[in-house]
Amino acid sequence: MTSTSFSSVQSQTPQAISSTQTAPMKEGQVVHGTVKQLFPNQTAEIQIGNQKVIAKLETPLKAGDAHFFQVSKQAPELQLKVVSEPLTQGNTPAQQANQLMQSMNLPKTPEMQAIVQFFLKEQLPISKEALLQAEQLIKQLPADVTMKAALEALQKMMEMKFPLTQQVFDAVISGKSTDGLQSLINSFKLALQQDTTLPLSVKESILQSLQKLAEPFGQPVAGALLGKQLETLQNAQTNISTRLPLLQILKEAAILPAQATLSNPTPPVAQPAIPNTAGDLMARLLQAPASEKVAIIEQIRTLIQSQPLLTSGQKEQILSLIKDTNQPAQMQNLNNALVKAFAEQSQQAIFSKDQNGLTPKDHLVSLLGKGNNAEMINQTLQQVITMTKSSPNAMLTQQIAQSEAAILQQLDGKAFEHAMKDVLRSLGFSYEARLGSNSEDLRQLALQLKPQLVDILQNQAASATLRDQAELVLGRMNGMQLLSAENGPQHQLLMQVPLEFLGKKMDATLEWKGRMLENGKIDPDFARIMFYLQLDALEETVVDMQVQNRVVTISLFNNDTRLQQVANTFKDSLKDGLSAVGYKLSGVFVKTFEEQKLSSPLKVKGPLLESQGVDIRI
């Protein structure tokens, strides 16, 4: 993807800049300008790009002539020095570049000529120092990077005021690459598996991080699987030959307590749990003195009544058991009912969350005494999936397939939001920000892929092949972070998310530009977002969504002409969904790349959106 896929969201209105204002130019910078008007005291109005500036000239000029000017002084008044003879109208870009190179005494190399022509065409700020630095970067260009990509990277570096260094140049080149991050990660994984220099424990830790990337729906699948297994154990109508092996496996994996039996597979466990979970209240109820039990019972009643994760029937059944819970049998019945309800919802409401941000599986694991914190819940669920996959029991294999099928049936915006957040967290895209904020345990942060890649690069004992592959992945992540910037109210975001779930692989690239309102939020009335997707079946696909005054227009680019018919079947539901959140659907248009005369979906360019923001809602 190129960084120029989006049109500029900045206003295109020319701004008059007087000599008392600070012009956006630096001393030594060379600009192309046309003399519009002459004034006394050797001052003139110069048209430079889309700006008109009033500048003091060192030599008299003629109105209408175009020259290259060098900024000799920026304050208190702008002073320009003519560095070229009047440019003949109709001169080719190459002739103009040669004239400027001669005036600035620049080396007449092919690289320099290409750079100067590009800078003039894009009206980028020119200085001799910057041109010489850019030439050195272009001369060391890798064989797999085109001149066009390199020049566009230089343009982005100039626009974002990055230093013209090799390290930043390489990062920007990588961040703008159209190659999927998925392939880079796969190459790194292969090099890691073949490496013999790293300690086994380090390799296993990194491979676990890579496995999380490959299974963004691993936790939801494990939650549905655990719910299915507990539902089977609690069902007295199921054959003992089915329930007994399952009970033994879960006890051996320490998922169920040692005292669990077929007649009582989920005894109450008085273990600490995350606040506001069902397991937290049950543990407190078991441990509380008699004088405090009534208050905790009321808390349980309130939790169930206000719990959006449970159905009305489930709530009724649980509330009917909240009576004399001082009796062990009553506590057991209440605990069983809670386990039963959340086991069912772990399969039926997989991606739903309550007012505390907790899912059904969080409540379920807490009732088993394994929900002291989020890490412990994740470890328990990972243990469930690992134990089930390693078991030769055919029933357990079938349960995995059933759980994955449940995930597929519930794939929606919430599901993909979960997947993208999980992948980005596992990659460590925001590692530096989280490290600085101390928002997470440092040990947890160290398990993200990015800090592990940094450790490999700093490990001189690691093989050169492994370090090269680690550097490629890290460079891509750093490049995307560099290209995601904030410039006043304007924001830009570039992100690649390698998604892999239930046997399907997809590279999703997001290019985002937006305007922030004074309250610090994205303007929801004017929005644009573009997704660049690499799909197994549909292959290259671009989704372009534009919002103007809350009117949404969606363009889908793909060479499969059957997509229009498919899109029409979803148009009504999309229209209703947008209407429910205050937006109106203008239309969904499916176009082939040939119709748009596009050789690649990664070159899609939309029309100029003046003063627009960009938003994403998944």
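Me: In this predicted model, does Glu135 count as buried or exposed?
Reply: A residue counts as buried under 20% relative accessible area. Glu135 has a relative accessibility of 3%. Because this value lies under the cut-off, Glu135 counts as buried.

Me: Which element holds Glu135, and which residue does the side chain of Glu135 join in a polar contact?
Reply: Glu135 is placed in helix 3, which comprises residues 128-139. If neighbours within four places in sequence are set aside, the residues in contact with Glu135 are Pro107, Thr109, Glu111, Met112 and Ile115. One of these also engages the side chain of Glu135 in a polar contact of 2.7 Å. The element is therefore helix 3, and the partner in the polar contact is Thr109.

Me: How many residues apart are Lys139 and Glu135 in helix 3, and how far apart are the closest N and O atoms of their salt bridge?
Reply: Lys139 is partly exposed, with a relative accessible area of 45%, whereas Glu135 is buried at 3%. The two are four residues apart in helix 3, so about one helical turn separates them. In the salt bridge that Lys139 forms with Glu135, the closest N and O atoms are at a distance of 3.6 Å.

Me: Which parts does the salt bridge between Lys389 and Glu215 tie together, and how many residues apart are they in sequence?
Reply: Lys389 and Glu215 form a salt bridge in which the closest N and O atoms are 3.4 Å apart. Lys389 belongs to helix 15 and Glu215 to the loop between helix 7 (200-214) and helix 8, so the pair ties together parts whose separation in sequence is 174 residues.

Me: Are Lys389 and Glu215 buried, partly exposed or exposed?
Reply: The relative accessibility of Lys389 is 49%, and that of Glu215 is 27%. Partly exposed residues lie between the cut-offs of 20% and 50%. Lys389 therefore counts as partly exposed, and Glu215 likewise counts as partly exposed.

Me: How many salt bridges does the structure hold, and which residue forms one with Arg562?
Reply: The structure holds ten salt bridges. In the one formed by Arg562, the closest N and O atoms are 2.9 Å apart. Arg562 is exposed, with a relative accessible area of 60%, while its partner counts as buried at 18% relative accessibility. That partner is Asp560.

Me: What span should the 13 residues of helix 9 have, and how far apart are its end C-alpha atoms?
Reply: Helix 9 covers residues 240-252. The expected span is 1.5 Å times one less than the number of residues. For helix 9 this gives 18 Å, which agrees with the distance between its end C-alpha atoms, also 18 Å.

Me: Which residues of helix 9 are buried, and what arc do they cover around the axis?
Reply: The buried residues of helix 9 are Arg243, Leu246, Leu247, Ile249 and Leu250. Their directions place them on the same side of helix 9, because around the axis they cover an arc of only 165 degrees.

Me: Which exposed residues does the face of helix 9 turned away from its buried side carry?
Reply: The cover over the buried residues of helix 9 includes helix 8 (218-234), helix 15 (374-390) and helix 16 (394-409). On the face turned away from the buried side, the exposed residues are Ile240, Ser241 and Glu252.

Me: What phi does Ala254 take just after helix 9?
Reply: Most residues other than glycine have a negative phi. Ala254, just after helix 9, takes a positive phi of about 65 degrees.

Me: Where does Gln42 lie, and what is its phi?
Reply: Gln42 lies in the loop that runs between strand 2 (30-39) and strand 3 (43-48). Its relative accessible area is 40%, so Gln42 is partly exposed. Although Gln42 is not a glycine, its phi is positive, at about 55 degrees.

Me: Which strand holds Glu539, and what is the phi of Glu539?
Reply: Glu539 is found in strand 11, residues 539-548. Its relative accessibility is 55%, so Glu539 counts as exposed. Glu539 is not a glycine, yet it has a positive phi of about 60 degrees.

Me: What percentage of the residues of the protein count as buried?
Reply: The protein has 22 helices and 13 strands, and its accessible surface comes to about 30,400 Å². Of its 618 residues, the share that counts as buried is 47%.

Conventions:
Residues numbered from 1 in each chain as written. Predicted model: local features only at pLDDT ≥ 70, side-chain atom pairs only at ≥ 80, totals over all residues. Heavy atoms only, no water. Buried < 20%, exposed > 50% of the residue type's maximum accessible area, 1.4 Å probe, protein only. Areas by Shrake-Rupley, 256 points an atom, 1.4 Å probe, with all protein chains shown as cover. Arc of directions from axis to C-beta. Contact = heavy atoms within 4.5 Å. Polar contact = N/O pair within 3.5 Å; in protein donor to acceptor, adjacent residues only side chain to side chain. Salt bridge = Lys/Arg side-chain N within 4 Å of Asp/Glu carboxyl O.
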